[in-house]
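Q: I have a structure open and would like to learn how to read its features. Could we go through it together?

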Amino acid sequence: KELLNVCIIDKRNKKDIKIIQFKDSYKILLASLDKLAKDFGIVQGKGIFPFDFAKPSNFNYIGKTPDYIYYSFRGKPLITKEQYISLIKDNWCFEEELKIYNIQDCIVLYNILQKFDDLFRNKFNFNMKNNPTISSLSFSLYRYNYIPENLIYTDKVGKREVKKSLIDNLNEKYESFVRSSFYGGHVDSYIPYFNNENIDRGKVLNQYDVVSLYPYIMYSCKLPYKITQYVQGNILLTNKELFDNSIGFYKVRVQAPSGIVNPLLPYRGNNDIVLYPQGNWTGTYYSEEIKNSIKYGYQFEILEGYLFDVDYLFKDYIGDLFAIKQNSKKGTPMYLISKILQNSLYGKVGIHFSLPTYHVINSSEADENNKEYNDRIDLNNGYSLVNDAVNGETFTLGNVAIASAITAYARVFMSQF
């Protein structure tokens with residue numbers, strides 16, 4: 001199991017309640033500590049330790065520095081032989097060296113996070129401390145600074161005025177319908193064939209690399225955010241003008257063109273395996289992907305769907321971050337920050353997951369409860385970590401219509417190649 005956040009609350013003194021939180025820094029900065037220290041200009045770099053020497057039989061070792069071959073991780077060398085020579089001594093102690101290594105790593109990580117936080121505050125006037133992952137940080141930054149003004153309104157909550165957004169948080173009925181249209185990128189593998197003799201006839205083989213595809217789509221496309229209308233029946237036949245001039249999601253019967261070599265539309269089959277099939281099937285798709293597929297010979301019968309209001313939701317967000325990236329030297333902290341924030345937001349608006357909450361109780365109490373816990377972890381100290389919710393709590397953050405449209409537009413863009 002992955003823990004996003006562990007919160008310890010000490011309530012023994014009600015006048016002085018203490019809270020300690022543990023978070024996984026790798027969820028915020030997705031790189032090795034050594035690389036981050038270099039990127040953030042931390043003078044005191046990551047420590048050195050012989051990982052392959054770390055076996056129970058060596059935990060009490062005191063003596064000469066372990067051989068160079070042990071300064072590896074699973075056989076992969078971590079330092080050069082020249083670096084190793086500077087580490088050699090006769091009174092090397094496993095326990096003390098491990099303590100030094102861990103303390104130094106903690107100091108380096110603290111300095112990295114402190115610098116990251118300072119840069120973030122200075123650039124965006126935003127506090128990152130309540131966000132356990134980079135995607136939640138990007139989402140919070142967007143909601144705090146970048147939701148278009150025309151989509152923000154003020155609502156009264158008691159005596160307070162609270163800013164809210166017109167971006168719909170879809171209810172369960174609409175959410176499940178739209179979510180069935182949410183696929184990732186088109187990642188089928190094909191073996192290219194090119195006859196080199198064609199070069200003499202003026203023909204060449206082109207290879208394309210699309211850079212920052214999702215940020216480009218988020219910047220340049222109007223995206224759906226609010227349901228305006230439910231439609232039923234095949235409006236391709238009964239109201240073609242409505243289909244041509246509106247954006248939404250449709251459940252359709254699909255007929256792929258006969259003999260198509262590189263199919264365009266995804267389909268979720270058994271065990272949630274995504275295929276790009278030939279033949280016919282029923283599925284739910286974004287209107288703009290349907291319109292694009294018609295150009296390539298696909299035929300559709302619309303069964304039902306939902307139409308949406310659209311707007312440029314991320315133009316300012318992506319524009320600002322792209323400008324920061326363009327004006328920052330590659331490998332610098334602001335280059336890194338702008339890059340990961342551009343690529344971390346789209347998935348967050350479509351995330352939907354069950355988030356269980358655990359609490360610590362006395363193990364004897366857990367035994368006496370005669371309750372089947374959803375999960376129980378014995379901490380081997382007289383206490384257990386338990387989750388007694390049947391399914392946990394479900395949180396829908398953002399709007400899956402936005403995320404689905406982004407990936408659909410990306411597939412449409414790639415279909416031209």
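**Cavity and sheets**

A: Happily! The structure holds one cavity of 30 Å³ or more. Keep in mind that this is a predicted model.

Q: How does one find empty space, and what volume does the largest cavity have?
A: Rolling a probe the size of a water molecule over the atoms shows where empty space is left. In this model, the volume of the largest cavity comes to about 50 Å³.

Q: Which residues line the largest cavity?
A: A lining residue has an atom within 4 Å of a cavity point. Here the lining consists of His186, Leu264, Leu265, Glu289, Asn292, Ser293, Arg411, Val412 and Ser415. By class, three of these are nonpolar, four are polar and two are charged.

Q: Which helices each supply at least two residues of that lining?
A: They are α9 and α13, the latter spanning 400-414. The most comes from α9, which gives three residues.

Q: Let's turn to the sheets. In what order do the four strands of the open sheet lie?
A: To read a sheet, follow the strands from one edge to the other. Here the order is β9-β14-β10-β13, with antiparallel pairing. The edge strands, β9 (223-232) and β13 (280-286), each pair on one side only. On average, neighbouring strands of this sheet are turned by 20° against each other, direction ignored.

Q: How many bridges join β10 to β13?
A: Strand β10, residues 247-255, is joined to β13 by seven bridges, and the two run antiparallel. For a landmark in your viewer, look for tyrosine 250, which stands opposite tyrosine 285 in β13.

Q: Which strands does helix α9 lie across?
A: For a helix on a sheet, look at the strands it crosses and at the angle. Helix α9 (residues 287-295) lies across β10, β13 and β14, at about 130° to β13. This is also the helix that gives the most to the cavity lining. Helix α5 (residues 172-179) lies across β9, β10, β13 and β14 (299-311), and runs at about 120° to β14.

Q: What is the strand order in the open sheet of three strands?
A: Read in the same way, the order is β16-β18-β17, and the pairing is antiparallel. Its edge strands are β16 (359-362) and β17 (375-378), each pairing on one side only. Neighbouring strands of this sheet are turned by 30° against each other on average, direction ignored.

Q: Over how many bridges do β17 and β18 pair?
A: β17 pairs with strand β18 (residues 383-387) over four bridges, in the antiparallel sense. A pair to look for is aspartate 375, which stands opposite asparagine 387 in β18.

Note on methods: Residues are numbered from 1 along each chain as its sequence is written. This is a predicted model: local features need pLDDT of at least 70, side-chain atom pairs count only at pLDDT 80 or more; totals for chains, interfaces and linings use all residues. Side-chain values use heavy atoms; hydrogens and water are left out. Two strands pair if DSSP finds at least two bridges between them. Axes are lines fitted to C-alpha atoms, for helices over the stretch in contact, and angles run from 0 to 180 degrees between N-to-C directions. Contact means heavy atoms within 4.5 Å. On a 1 Å grid over the protein atoms alone, a cavity is a set of points where a 1.4 Å probe fits but cannot get out, and a pocket is an open set with protein on both sides within 12 Å along at least five of seven lines; lining residues have an atom within 4 Å of a point. Grid points are joined across faces, edges and corners, and a volume is the space filled by probe spheres set on the points. Ala, Val, Leu, Ile, Met, Phe, Trp, Tyr, Cys and Pro count as nonpolar, Asp, Glu, Lys and Arg as charged, and the others, Gly among them, as polar.
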